[in-house]
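The exercises below concern a predicted model, and each task is followed by a solution that proceeds step by step. Please work through them with the coordinates open.

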Number of protein chains: 2
Amino acid sequence: MLQLTDPAALREFVKSQKRLGKSVGFVPTMGYLHKGHASLFKKAAETSDVVVASVFVNPTQFGEKKDDYDNYPKDSQGDARLAESCGVNVLFLPKVETIYPNGQQVTVKVNEKTGVLCGKSRPGHFDGVATVLTKLFTIVAPDIVYFGMKDAQQVAIVRSLIDSFHFPIKLIACPIMREADGLAKSSRNVRLLPDERREAPELYKGLQAGCSAIRNGERNFDRIIASVRRYYELHLQSGVVDYVDVLNYPELKRVKDKMTGRIIIAIAVRYANARLIDNVTIDCGNKISEVEAQ
Amino acid sequence: MLQLTDPAALREFVKSQKRLGKSVGFVPTMGYLHKGHASLFKKAAETSDVVVASVFVNPTQFGEKKDDYDNYPKDSQGDARLAESCGVNVLFLPKVETIYPNGQQVTVKVNEKTGVLCGKSRPGHFDGVATVLTKLFTIVAPDIVYFGMKDAQQVAIVRSLIDSFHFPIKLIACPIMREADGLAKSSRNVRLLPDERREAPELYKGLQAGCSAIRNGERNFDRIIASVRRYYELHLQSGVVDYVDVLNYPELKRVKDKMTGRIIIAIAVRYANARLIDNVTIDCGNKISEVEAQ
């Protein structure tokens, strides 16, 4: 596995691969890689000829939380080992001053899809994400990019970014990885206290309760939200619900009063030392069909 | 000359040319082409193997001036004739809904260089310019882009855009075209009344007065501005000065109190039916040398 810090060297590598007719997949990360990233790398290795991954802790997506940025965990040796073992061909490790050569003179602004779900409590976060992805997409020039549906709002916004700026890039949204008991995999799960860990599978069960309501014919957004909330009221003792929302996906709003098309049920729950998020997407169009990308 | 409206077709054409090892030059325009554009096309034909020009009246750079956008002059036959005669190989004529497929969900924000010169009176204008250029640069994927120094602020901002987003594009800034008497060529010059047209060459002479002051050793920004203003007070009867400014270029601010490096003297003057702009850039570094890009 190649490790590169210089955009020009990376660009040259990608060009040489494309000249050979090879497709280039790209997985952008902030490092401290875990099984969620591994599943993206593996998907990329299966569906692209060459896999580029980046490790870059992007300072502009932390908002006012300077501490969070400064204390973001790092494990460069572990990252390299995991990436290589999952079929990554090139690890791109640029410096902040390389990616932001003139500070924030020119940035990207996301004008829709940001005021809901996690975006509501993180003003400017997705502007930072879209800004760094624009830079990385231009440097790497991949054919396919891979993002996890765990952060479904990010996936929806990256779709907007790709469409808006006409990047010739296909986006593959990878399903949420779950433990055997249904809990969505997350590096934050280790911060759960034993009682909290026992309770945490209820989060996914609450989402499934919402899906059941839809499958049983419910088409009112508020009543589906209420059914999920009711499930949590009955089944959560430690967890405090941050939000439960039901929206069209990837629009991230209620497209019509009466639910139609693809929708997302998304939740965030706070525990003592960890805030967990999870979601399901479901097609409730003409025919009520499969849960997509799960 | 090819005329294309579909980004996919244009992308395919550019790819095929690059595969042949040809360099691709790009001149973005809003149409109603005149001699200024012709000089950009000719420069592109001289320095790139293949020349793409776009005609696209960008709705997002007009700010609140909806009328200006609706009444922007159009001459598609004249444009095609002029472009072809100047060596343009492909004219790209996309529709608004093609360039903005999802409205303004994601846009570009220019955070520096916008609050001076013409940007001061046009809030949001350069955000619109940077947004549409990001889209066009991604679609066309040129090796070189050509802009006229007439709009020196735009050139400075496009440089920031290219650097910030890491576009693998070289920018060539083309010199201002002038009439024999020094008046900068502009489609607006025909709107000058006879007396105004006789007076208008004084604008450039005022800029030259500022250059003379620098050549004579003056290094104080405010005193150079004052010397240009004084020239206009003495020589302009009809024209009303909108601004005179002296700034480092391309930073568009005073980098140090005492002038050093490359600087721009820029002015705008209002006449009855036209507002004219002009500028000169001059290197006043260690050695006072040539006027660049003029």
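**Exercise 1.** How many residue pairs are in polar contact between chain A and chain B, with both residues at pLDDT 80 or more?

*Solution.* Counting pairs of N or O atoms within 3.5 Å that can act as donor and acceptor, one arrives at 22 residue pairs between chain A and chain B. Turning next to salt bridges, the rule finds 0 of them across this interface. The side of chain A that touches chain B nevertheless includes 6 charged residues, alongside 10 nonpolar and 11 polar ones.

**Exercise 2.** Determine the extent of the interface and identify which three residues of chain A supply the most buried area.

*Solution.* Begin with the contacts, where 27 residues of chain A meet 27 residues of chain B. The area buried between the two chains is about 2,500 Å², and carbon and sulfur atoms give 55% of this. Within the area that chain A buries against chain B, A:Gln105, A:Val106 and A:His166 supply 28%, more than any other three residues.

**Exercise 3.** Establish how strand 5 of chain A is paired with strand 5 of chain B.

*Solution.* The two strands, of which the one in chain B covers residues 106–110, run antiparallel and are joined by 5 bridges. Within this pairing, A:Thr107 stands opposite B:Lys109.

**Exercise 4.** Assess how compact chain A is for its length.

*Solution.* Chain A contains 10 helices and 10 strands. Its radius of gyration is 20 Å, close to the 19 Å that the globule rule gives for 294 residues, so chain A is as compact as a globular protein of that length.

Technical notes: Residues numbered from 1 in each chain as written. Chains lettered and ligands numbered in written order. Predicted model: local features only at pLDDT ≥ 70, side-chain atom pairs only at ≥ 80, totals over all residues. Heavy atoms only, no water. Contact = heavy atoms within 4.5 Å. Buried area = accessible area lost by both parts, 1.4 Å probe. Salt bridge = Lys/Arg side-chain N within 4 Å of Asp/Glu carboxyl O. Polar contact = N/O pair within 3.5 Å; in protein donor to acceptor, adjacent residues only side chain to side chain. Nonpolar A, V, L, I, M, F, W, Y, C, P; charged D, E, K, R; others polar. Pairing = 2+ DSSP bridges. Helix = DSSP H or I, 4+ residues; strand = E, 2+ residues; numbered from the N terminus. Rg over C-alpha atoms; globule rule 2.2 N^0.38 Å.
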